[in-house]
Amino acid sequence: MLYQKEIPLRIETDVFVAGGGPAGVAAAVAAARNGCSVFLAEGGGCFGGMGTASLIPLFVTMTDGVSLVAAGFCQEIMERMLDQGCMGSWYDVRIRPEVLKRIYDDVVTEAGVDYAFFTQVVDAVSQDGKIQHVILHGKSGFYAAKAKIYIDCTGDGDLAAMAGAQYEKGDANGIMQPGTLCSLWAGIDWDTAVEMDHLGQLDQAFRDGVFTVQDRSIPGIFRSVGFMGNGSFGHAFGMDGTDERSLTKAMVNMRRIIPEYERYYKTYLKGYEKMELVATGSLMGVRETRRILCDYRLGLEDFVNRAVFEEDEIGRYCYPVDMHPADAGKEAYEASERMFRRDYRYKEGETYGIPYRILTPVGLDNLLVAGRCVGCDRYMFASIRVMPACFITGQAAGTAAAMTKDSGDVRRIDPRLLRRKLRSAGAYLPKYASDDRED
Ligand SMILES: Cc1cc2nc3c(=O)[nH]c(=O)nc-3n(C[C@H](O)[C@H](O)[C@H](O)COP(=O)(O)OP(=O)(O)OC[C@H]3O[C@@H](n4cnc5c(N)ncnc54)[C@H](O)[C@@H]3O)c2cc1C
């Protein structure tokens with residue numbers, strides 16, 4: 001079927017950002033603070049992506065144990081959260097979704113970013129390696145936006161894929177990490193409940209037939225405030241977060257199995273007896289989808305080597321390789337635990353470098369990617385997908401977009417100047433202090 005339609009060009013801007021999760025917010029704010037007009041299109045009804053709409057429990061580590069590595073924009077958001085009564089430290093900051101939504105609204109608005117919720121990026125028109133327009137859809141219908149530089153922060157690499165970028169998805173067979181529908185709980189007696197001690201009774205519960213799927217991988221319920229906790233348990237195995245049918249099936253199935261976890265916590269663990277489900281995420285928690293092919297593919301060897309990228313490093317990070325098992329089998333669970341807890345976990349003070357080239361998709365001149373869909377292999381993906389790292393790549397992408405808007409070419413950039421700008425905005429790049437002296 002051919003469907004043609006003339007649509008209005010409603011947005012003309014320096015920088016267009018697709019998706020308002022941690023990467024998108026960081027990118028949009030950084031671009032605006034560096035003097036650009038910015039339009040940010042968010043498909044849902046709030047900023048924050050997984051961290052708000054999917055009810056993810058916490059921001060994982062911002063420190064390598066010695067230094068604050070997710071500094072800059074990430075630090076700013078965490079400080080606002082702590083100021084507004086969220087619990088935590090630089091090792092983890094607990095999410096109160098409604099507090100975090102307001103913080104993002106404020107920070108994006110204060111930066112002067114133009115934005116619209118309920119606005120889906122549905123297509124891109126590209127020619128000769130450049131995106132000409134993106135096509136948006138909202139309640140008012142279809143319209144187009146035109147920018148000098150585009151940044152894909154959809155998590156799934158939607159815009160890059162629509163613009164013709166190459167990508168990888170999952171392992172050699174296309175199998176991806178499972179999703180999880182996170183949940184918000186009230187009525188937990190945190191004086192009695194022990195947060196991370198939820199696995200001890202699991203075998204008994206398996207024997208008692210509490211669960212339809214015997215899945216040993218349970219991150220748990222994390223205290224957020226008062227008697228509240230954020231739950232991350234249950235896996236949507238075999239789900240594809242780029243397929244709405246698959247997402248639909250996963251949502252329904254996850255909502256169906258959450259009462260099994262409720263029964264487990266209430267019956268087998270102390271302090272959870274009176275817990276009550278408040279909400280499940282309005283977005284499915286999607287761990288893994290597209291990894292866009294970029295000028296560099298950050299790989300496991302870079303994790304192992306604590307890689308340094310003298311030429312174009314834009315940040316450093318340290319989270320272990322956290323690859324959730326692809327099925328509920330014991331073998332897959334043990335392999336995932338080995339990677340996360342033993343094989344690919346750094347000692348204090350160790351980090352890997354993040355090069356600018358993982359933000360530049362092969363074959364496209366005016367597109368950057370940031371957040372979950374950057375150029376990397378599956379192992380590195382399982383580290384860099386977490387939110388502090390998404391802030392790092394988002395802030396770098398927004399800053400780089402501001403530096404390249406006049407040329408319209410994301411490769412025409414002096415990486416040292418980018419680094420200098422990032423350093424002056426608080427980013428952790430101590431090795432490159434000498435950049436500041438060069439002119
Ligand atoms: C179950 C689960 C638990 C996790 N736990 C943690 C944790 O404890 N700590 C941690 O730091 N990280 C955790 N993560 C990882 C982390 O939440 C995500 O990887 C991270 O949020 C990715 O950020 P992002 O900005 O790239 O994308 P997202 O957070 O996915 O945000 C993307 C945004 O883009 C919007 N969007 C998508 N497509 C379009 C489109 N076509 N048009 C317009 N808008 C669009 C979405 O609505 C969304 O708001 C977890 C992830 C999952 C799934």
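**H10 against H11**

I started with the packing of H10 on helix H11 (residues 415-424) in this predicted model. I get an angle of about 125° between them, and their axes are 10 Å apart. Angles over 145 would count as roughly antiparallel and 65 to 115 as roughly perpendicular, so I logged H10 and H11 as oblique to each other. I noted the crossing of H10 past H11 as right-handed.

Next I looked up who makes the contact. From H10 I have Gln 395, Ala 396, Thr 399, Ala 400 and Met 403. H11 answers with Leu 417, Leu 418, Lys 421 and Leu 422. By class I sorted this H10–H11 contact into six nonpolar residues, two polar and one charged.

**Around the ligand**

I then went to the ligand and found 40 residues surrounding it. The closest ones are glycines: Gly 19, Gly 21, Gly 49, Gly 155 and Gly 371. H10 (387-404) turns up here too, as one of the elements giving two or more residues to the shell, along with helix H1 (22-33), strand S3 (58-59) and strand S7 (120-127). My class tally for the shell is 18 nonpolar, 16 polar and six charged residues.

**Two domains**

Last, I checked the domain split. Domain 1 comes in two pieces, 9-171 and 288-437, while domain 2 covers 183-280. Their centres, taken over C-alpha atoms, are 28 Å apart. I have 19 residues of domain 1 in contact with 18 of domain 2. On the domain 1 side, helix H8 (residues 330-343) gives the largest share, three residues. I put that side down as nine nonpolar, four polar and six charged residues.

Note on methods:
Residues are numbered from 1 along each chain as its sequence is written. This is a predicted model: local features need pLDDT of at least 70, side-chain atom pairs count only at pLDDT 80 or more; totals for chains, interfaces and linings use all residues. A residue is near a molecule or strand if its C-beta atom, placed from the backbone, lies within 6 Å of it. Helices (H or I, at least four residues) and strands (E, at least two) are DSSP runs, numbered from the N terminus. Ala, Val, Leu, Ile, Met, Phe, Trp, Tyr, Cys and Pro count as nonpolar, Asp, Glu, Lys and Arg as charged, and the others, Gly among them, as polar. Axes are lines fitted to C-alpha atoms, for helices over the stretch in contact, and angles run from 0 to 180 degrees between N-to-C directions. Angles under 35 degrees count as roughly parallel, over 145 as roughly antiparallel, 65 to 115 as roughly perpendicular and the rest as oblique. A crossing is left-handed if the near helix is turned anticlockwise from the far one by less than a right angle, and right-handed if clockwise. Two residues are in contact if their C-beta atoms, placed from the backbone, lie within 7 Å. Domain bounds come from an automatic or database domain assignment.
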